[in-house]
Amino acid sequence: MNVTEVPSAQSQAETDPLLSVRRLARSFGLKVTLVWLFIFGCGALAISLIRLNLAFIGDWWSFIVYGAGTPDVWQVGLVTTIFISIVSIFGAIILAFLSALGRLSRNPIAYGVSTFYVSLIRGTPLIVQIFILYFGLPQINQQLGKLIPNFELQFPLISNLLLLPALPTGILALALNYGAYMTEVFRAGIQSISKGQTEAARALGMTSGQTMWRIVLPQAVRVIIPPVGNDFIAMTKDSALVSVIGVQELLWRAQKVGVQYFHSMETLMVAAAIYWVMTIVLQAIQSRIERHLARGDR
Amino acid sequence: MMNPIVRITDLYKDFGPLRVLKGITLHVTQREVVCIIGRSGSGKSTLLRSINFLEEPTSGSVEVDGVEVNSQLDGRQRKQRIHQIRLLTGMVFQEFNLFPHKSVIDNIIEALVVVKKVPRKQAVQIGEMFLKKVGLIQKRDEYPARLSGGQKQRVAIARALAMEPKVMLFDEPTSALDPELIGEVINVMEAVANEGMTMLVVTHEMSFARDTADRVIYMEDGALVEEGAPSEMFSVPRDPRTSQFLQRYLSQHG
């Protein structure tokens with residue numbers, strides 16, 4: 001081995017593999033940014049060629065985003081979209097947790113209900129589920145009304161559930177749908193916690209409920225949060241589907257104006273841009289949370 | 001003779017078609033330290049785990065300090081008695097099983113607060129007392145990931161002791177440790193034994209069995225083969241299976 005050879009500072013910089021990787025990364029990032037800008041430019045060119053009415057966008061974007069002229073906050077398209085997404089994801093989390101417990105249970109009823117729910121929901125399109133809840137259930141209400149005298153007065157709760165307005169129906173459909181998909185995430189998260197944790201807790205005299213809440217779930221949450229974040233981002237986009245039953249969120253508003261004035265391209269572009277920006281923001285938040293979770297190695 | 005504090009009677013355990021425990025009967029008196037030795041797969045861990053019902057025995061009965069659970073018992077009463085037995089026994093696992101999301105002190109007081117409903121402040125005092133006992137009070141606020149294997153096991157012992165059980169069950173407490181860390185855990189276990197705790201220890205650590213146990217039991221193929229004082233067992237084993245095991249073991253481990 002040649003001990004006397006000491007590389008000069010310059011040749012060290014040239015041969016340092018980390019440094020060259022970093023330089024490559026920087027130029028790679030620059031190139032990617034250029035590609036993005038180029039595609040953007042092409043898009044802008046195409047838009048100017050097909051003579052999109054930018055003034056029309058200027059007149060109507062505020063109606064699409066927040067329903068200008070209506071002071072009521074619930075008329076705001078963007079707020080409605082975010083509201084639907086947040087309430088639905090919480091509903092989905094509760095459903096997924098219960099369903100995962102059923103899936104992990106040795107009780108045949110709990111297991112059966114859970115697997116049936118997951119199979120049915122994952123086996124049918126979301127839009128069909130939305131239609132069934134909104135257009136199908138009132139038919140049941142009607143039939144029950146014929147079978148049971150004064151049904152709507154005697155069982156107001158059931159009747160009201162069968163005749164849910166558009167917004168709660170949309171939320172229910174999204175929660176049911178995502179709850180089924182997230183069941184597997186929760187099940188895997190709970191199962192990823194070693195059996196020894198449960199045994200230690202049970203040996204100390206904790207009940208199965210205490211073991212789940214205080215020992216298993218707090219550890220499983222770190223596994224569950226990243227995929228739930230992905231699902232939340234996906235849900236903000238899928239929430240557009242509830243426009244088909246007349247929930248006045250972003251897409252509904254874009255369509256409403258676009259069709260009326262034959263400027264759908266303009267209004268849909270506004271809606272798409274908002275979904276896109278929303279997704280980018282949410283992704284940034286999510287990667288921050290993930291970094292935080294990864295750091296908490298302790 | 002004193003009434004036994006642990007009384008296992010005709011205990012059977014099947015895993016599917018495999019019979020792991022074949023009618024075990026074992027009595028342990030108060031303050032006694034019993035070591036169970038034998039090859040892996042002999043059923044010794046299953047026997048220990050059946051005492052606090054981490055394994056459900058197929059038949060037979062387990063009685064700890066007068067609380068009996070047998071196969072006739074079912075429903076709510078059975079659940080209650082299993083809970084009672086779990087409070088009467090403390091368990092130490094091969095893999096420590098500390099709660100990684102809780103600090104050392106929170107690991108120890110968790111069950112005191114949640115199960116025994118001890119007020120938090122008082123529980124912390126009890127926890128600190130047991131941490132001092134295992135010599136780790138300076139690690140009070142660390143998380144388990146920052147501890148060595150030996151330290152983790154000592155915390156696990158403190159966690160079990162803090163519940164003030166009448167019987168301690170040790171399931172191969174040093175088998176997952178690097179050789180140089182075994183000593184500190186053995187020292188703590190000896191101290192616990194010297195204070196008069198009733199202990200059942202499944203172990204491969206023959207020096208502990210020889211020095212500390214009152215009685216050593218050799219188990220093979222789901223049955224108790226031979227038992228006796230460590231001095232007899234290690235020098236003049238009566239059963240050929242025991243002597244074969246000990247010979248092979250000692251030739252391998254010096």
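These are my notebook entries on two sheets, a contact side and a domain assignment in a predicted model.

**Entry 1: the six-stranded sheet of chain B**

I began with the strand order in chain B and found an open sheet of six strands, running 6-7-8-3-9-10, in which the pairing is mixed. I then looked up the edges, where strand 6 (89-92) and strand 10 (223-228) of chain B each have a single partner strand, so one side of each is left without a neighbour in the sheet. Between neighbouring strands of this sheet I noted an average turn of 20 degrees, with direction ignored.

**Entry 2: strand 7 and its partners**

I next followed strand 7 of chain B, which covers residues 167-171 and is joined to strand 8 (residues 198-202) of chain B by five bridges, the two strands running parallel. Within this pairing I looked up one residue, B:Phe170, and found B:Val201 of strand 8 of chain B opposite. Turning to strand 6 of chain B, I found that its pairing with strand 7 of chain B is also parallel and runs over four bridges. There, B:Met91 has B:Leu169 in strand 7 of chain B as its bridge partner.

Which way do the residues of strand 7 of chain B point? I recorded that B:Val167, B:Leu169 and B:Asp171 point one way, while B:Met168 and B:Phe170 point the other way. This made me recall that in a regular strand the side chains alternate between the two faces of the sheet. Is strand 7 of chain B mostly covered or left open? I found it mostly covered, since five of its five residues count as buried, and a residue counts as buried when 20 or more other C-beta atoms lie within 10 Å of its own.

I also checked the helices around this strand. Helix 5 (residues 149-162) of chain B lies across strand 6 and strand 7 of chain B, and runs at about 170 degrees to strand 6 of chain B. The connection from strand 7 to strand 8 of chain B has helix 6 (residues 179-194) of chain B in it, and I noted that the three elements make a right-handed β-α-β unit.

**Entry 3: the four-stranded sheet of chain B**

I then turned to an open sheet of four strands in chain B, whose order is 2-1-4-5 and whose pairing is antiparallel. At its edges I found strand 2 (18-29) and strand 5 (67-70) of chain B, each of which pairs on one side only. The twist from one strand to the next averages 15 degrees.

For a closer look I chose strand 4 (residues 59-64) of chain B, which pairs with strand 5 of chain B in the antiparallel sense over four bridges; here B:Val62 stands opposite B:Val69 of strand 5 of chain B. Helix 1 (residues 44-51) of chain B packs on this sheet and touches strand 1 (4-15), strand 2 and strand 4 of chain B, with its direction at about 60 degrees to that of strand 2 of chain B. Helix 2 (residues 75-88) of chain B packs on the sheet as well, touching strand 4 and strand 5 of chain B, and its direction makes about 130 degrees with that of strand 5 of chain B.

**Entry 4: where chain B meets chain A**

How many residues of chain B are in contact with chain A? I noted 18 residues of chain B, in contact with 16 residues of chain A. On the chain B side, helix 2 and helix 3 (104-114) each supply at least two residues, and helix 2 of chain B gives the most, with three. By class, this side of chain B has twelve nonpolar, four polar and two charged residues.

**Entry 5: the domains of chain A**

Last, I looked up the domain assignment of chain A, which gives domain 1 (16-48) and domain 2 (55-295). The C-alpha centres of these two domains of chain A lie 36 Å apart.

Note on methods. Residues are numbered from 1 along each chain as its sequence is written. Chains are lettered from A and ligands numbered from 1 in the order in which they are written. This is a predicted model: local features need pLDDT of at least 70, side-chain atom pairs count only at pLDDT 80 or more; totals for chains, interfaces and linings use all residues. Two strands pair if DSSP finds at least two bridges between them. Axes are lines fitted to C-alpha atoms, for helices over the stretch in contact, and angles run from 0 to 180 degrees between N-to-C directions. Two residues are in contact if their C-beta atoms, placed from the backbone, lie within 7 Å. A residue is buried if 20 or more other C-beta atoms lie within 10 Å of its own, exposed if 12 or fewer, and partly exposed in between; C-beta atoms are placed from the backbone. A crossover is right-handed if, with the strands pointing away from the viewer, the path from the first strand over the helix to the second runs clockwise. Domain bounds come from an automatic or database domain assignment. Ala, Val, Leu, Ile, Met, Phe, Trp, Tyr, Cys and Pro count as nonpolar, Asp, Glu, Lys and Arg as charged, and the others, Gly among them, as polar.
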